[in-house]
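Here are some notes for a colleague at the bench, set out as numbered points. Please read them with the sequence and the model side by side.

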Amino acid sequence: MRGLLLEHYEAFRRRLRRRLGSDDLALDALQETWLRVERMGAAQPQRNPVAYLFRMAVNAASDQRAAQGRVLSAVEVDALMDEGVDHLDPAAVAFDQAQFAALAAALDELPARQRAILIAARIDQQPIDAIAHQHGVSSRMIGKDLKKALQHCAGRLERPLVQRFGPGAGKPS
């Protein structure tokens, strides 16, 4: 197969250049085809090996285009790098900092157990049953304490409390 590829190399190059619209793409496809032929070893198709090699080159070009489609171009990378801290809205930053400070204050105002339950449930994503076991109380009691803690924090942040579970889930309470 290697000999056949070398023998028809220029013809493959011309056909690929016309089909792909670029000599560089044609050369890359032929290079990949050469590597694929090397991996094949002595195996040869029974019918029309020239057409087989050309199809292999076209498939190599298609694979390369698909791979390039998944990679960001240099222009896209530069655009993403430019969207750094410079583009942050100062008003939005100030608002977010105020909200964070208000949440920290609201957490400090909670009783220790309610604060621990809220952190375990919402930040550490622990299941209610595990939190109940840690505190030596029922899951129902954990649910009540969690609801009280969430209501307190929502009130301090002047936000509606959205129930995540049970009757009325997804609606402000």
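1. A convenient place to begin is E10, which is partly exposed, with a relative accessible area of 43%. E10 forms a salt bridge with R13, and the closest N and O atoms of that pair are 3.8 Å apart. Both residues belong to helix α2, and because they are three residues apart there, about one helical turn separates them. This pair does not stand alone, since E10, R13, R17 and D23 are linked in a network of salt bridges. Please keep in mind throughout that the model is a predicted one.

2. Helix α2, which covers residues 9-20, also provides the largest share of a positive surface patch, namely four residues. The patch as a whole is formed by R14, R15, R18, R19 and R55. R15, one of these residues, is found in helix α2 and has a relative accessible area of 37%, so it is classed as partly exposed.

3. As for the overall architecture, the protein has nine helices and zero strands, and the pattern along the sequence is accordingly written α-α-α-α-α-α-α-α-α. Of the 173 residues in the protein, 23% are buried. The protein exposes about 12,000 Å², and carbon and sulfur atoms supply 55% of that area. If one considers contacts between residues at least 6 apart in sequence, 56% of them join residues that are at least 24 apart.

4. The structure holds eight salt bridges, and a further example to examine is the one between D63 and R36, in which the closest N and O atoms are 2.7 Å apart. This pair links distant parts of the chain, with D63 in helix α4 (residues 49-69) and R36 in helix α3 (residues 23-40), 27 residues apart. D63 counts as partly exposed, because its relative accessibility is 41%.

5. Another salt bridge brings together the side chains of D145 and R113, at 2.4 Å from N to O. D145 lies in helix α9, whereas R113 lies in helix α7 (residues 112-123), so the pair ties together parts that are 32 residues apart in sequence. The two partners fall into separate accessibility classes: D145, at 6% relative accessibility, counts as buried, while R113, at 32%, counts as partly exposed.

6. Helix α9, spanning residues 139-156, is also the place of M141. Is M141 buried or partly exposed? Its relative accessibility is 35%, and M141 therefore counts as partly exposed. In sequence, M141 and I128 are 13 residues apart, and in space their C-alpha atoms are 9.8 Å apart.

7. A last residue to inspect is Q99, which is found in helix α6 (residues 90-109). Why does Q99 count as buried? The reason is that its relative accessibility is 18%, and the cut-off for a buried residue is under 20% relative accessible area. Leaving aside residues up to four places away in sequence, Q99 touches L157 and R159.

Technical notes:
Residues are numbered from 1 along each chain as its sequence is written. This is a predicted model: local features need pLDDT of at least 70, side-chain atom pairs count only at pLDDT 80 or more; totals for chains, interfaces and linings use all residues. Side-chain values use heavy atoms; hydrogens and water are left out. Helices (H or I, at least four residues) and strands (E, at least two) are DSSP runs, numbered from the N terminus. Buried means under 20% relative accessible area, exposed over 50%, partly exposed in between (1.4 Å probe, protein chains only). Contact means heavy atoms within 4.5 Å. Accessible areas come from the Shrake-Rupley method with a 1.4 Å probe; for residues, only the protein chains shown count as cover. Patches are made of residues with over 30% relative accessible area and no salt bridge: like charges are joined within 9 Å, nonpolar side chains (Val, Leu, Ile, Met, Phe, Trp, Tyr) within 5 Å. A salt bridge is a side-chain nitrogen of Lys or Arg within 4 Å of a carboxyl oxygen of Asp or Glu. Lys and Arg count as positive and Asp and Glu as negative; His and the chain ends are not counted. The place of a charge is taken as NZ of Lys, CZ of Arg, CG of Asp or CD of Glu.
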